[in-house]
Amino acid sequence: MVSMIFNDPSSAAAFHRLSFTRFSNGLVSLRRFVGPLHVFSNTPTLPRALSLHAPRSSRFITASMAAEPSAKVIDGKSVAKQIREEISAEVTKLKEAIGVVPGLAVILVGDRKDSATYVRNKKKACESVGINSFEVNLPDDASEQEVLKYISDFNGDPSVHGILVQLPLPSHMNEQNILNAVTIEKDVDGFHPLNIGHLAMRGSEPLFVPCTPKGCIELLHRYGVDIKGKRAVVIGRSNIVGMPAALLLQREDATVTIVHSRTKNPEEITRQADIIISAVGQPNMVRGSWIKPGAVIIDVGINPVEDATSPRGYRLVGDVCYDEACKIAAAVTPVPGGVGPMTIAMLLSNTVSSAKRAYNFN
Ligand SMILES: Nc1nc2c(c(=O)[nH]1)N[C@@H](CN(C=O)c1ccc(C(=O)N[C@@H](CCC(=O)O)C(=O)O)cc1)CN2
């Protein structure tokens, strides 16, 4: 069975570790639904309404006897495509009106395959919407000074509106020093302490919100999920996902609990949530028994697990046991094809916002 112990990744590394875990599908007991959570769509191509009902009388059932999968699949891939089309139109407008083309600079240090893939995908996404991209590739043994020099050059370059340092960085580098060096006006990753600070303060607006948490909220909005007054549980408290996701949910008037590696009874707490955002990097940790019937689940985990039948030798799974979640939740994001593609769509969105802000263009 999958481990029930999870860690708090302080950097992106824990999300993309190649950890191979075997698990088996046991029976799960689940509590009957206590109240409806309506999921309305305001987008014509997306689902109209979701609401699950069950009689209050029978208190417990088991997953083996439970209904067929009924959860709505929250399709991040198609929402991200829609967003790229919207961004493409904005880029054209900006260029035609004032002759400005947004520019994104990406710095990659080291030779991690997954990071190289993400950077390549970011470059392709920029091309697809008409954003200029600038790429710097440094070897694993590059010095922190070299990275800081590139950041300083990009900070002063008017053709660059967004700067991103791909994480994780090699262990000899001080991540915080490097993230702090990006000027906040170009911090399209939203990781600068000032941007995070503004996100945490009521009545204050950050210039940028971190892309993955922003993508999670965007999915909830585009699928018409009510957040105000709902109970939300964020599993994981990393700087790049869990913590900012909790702050964003709070700004949307959810009642937010963070479940982390030292939380007692994580299962019981999570089962109270109307909305779950899981970002711990532990394959299939959240079982059916953790989920309140009718909950909406945003699964941020992208975990490789051994799979001899796949050409890559592994396949990707989320933090949430998808098959079990599909039988209990109202709506759930798949992995792959859920939050991942939204991360890059939000990066493009932040880059265009930055270029517009630089020229006071609305
Ligand atoms: N500077 C940053 N570094 C990292 C971030 C970040 O937001 N800023 N996030 C992650 C990696 N990441 C983007 O950088 C990212 C991860 C995953 C995906 C994605 O689309 N995943 C696909 C599956 C891909 C596959 O098949 O291998 C999916 O979930 O469908 C996009 C971006 C850490 N570093």
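At 38% relative accessibility, Asp153 counts as partly exposed (buried is under 20% relative accessible area, exposed over 50%, partly exposed in between, with a 1.4 Å probe and protein chains only). This is a predicted model, in which local features need pLDDT of at least 70, side-chain atom pairs count only at pLDDT 80 or more, and totals for chains, interfaces and linings use all residues. Residues are numbered from 1 along each chain as its sequence is written, and side-chain values use heavy atoms, with hydrogens and water left out.

**Exercise 1.** Find the salt-bridge partner of Asp153 and place the pair in the fold.

*Solution.* Step 1: a salt bridge is a side-chain nitrogen of Lys or Arg within 4 Å of a carboxyl oxygen of Asp or Glu. Step 2: the side chain of Asp153 meets Lys149 at 3.0 Å, N to O. Step 3: both residues lie in helix α3, four residues apart, about one turn of the helix (helices are DSSP runs of H or I, at least four residues, numbered from the N terminus).

**Exercise 2.** Trace the network of salt bridges that includes Arg222.

*Solution.* Step 1: Arg222 forms a salt bridge with Glu218, the closest N and O atoms being 2.7 Å apart. Both lie in helix α6, four residues apart. Step 2: Arg222 also meets Glu86 in a salt bridge at 2.8 Å, N to O. This pair links distant parts of the chain, with Glu86 in helix α1 (residues 76-98) and Arg222 in helix α6 (residues 211-222), 136 residues apart. Step 3: Glu86, Glu218 and Arg222 are thus linked in a network.

**Exercise 3.** Classify Glu86 and Arg222 as buried, partly exposed or exposed.

*Solution.* Step 1: Glu86 has 35% relative accessibility, so Glu86 is partly exposed. Step 2: Arg222 has 14%, so Arg222 is buried.

Conventions: Helices (H or I, at least four residues) and strands (E, at least two) are DSSP runs, numbered from the N terminus.
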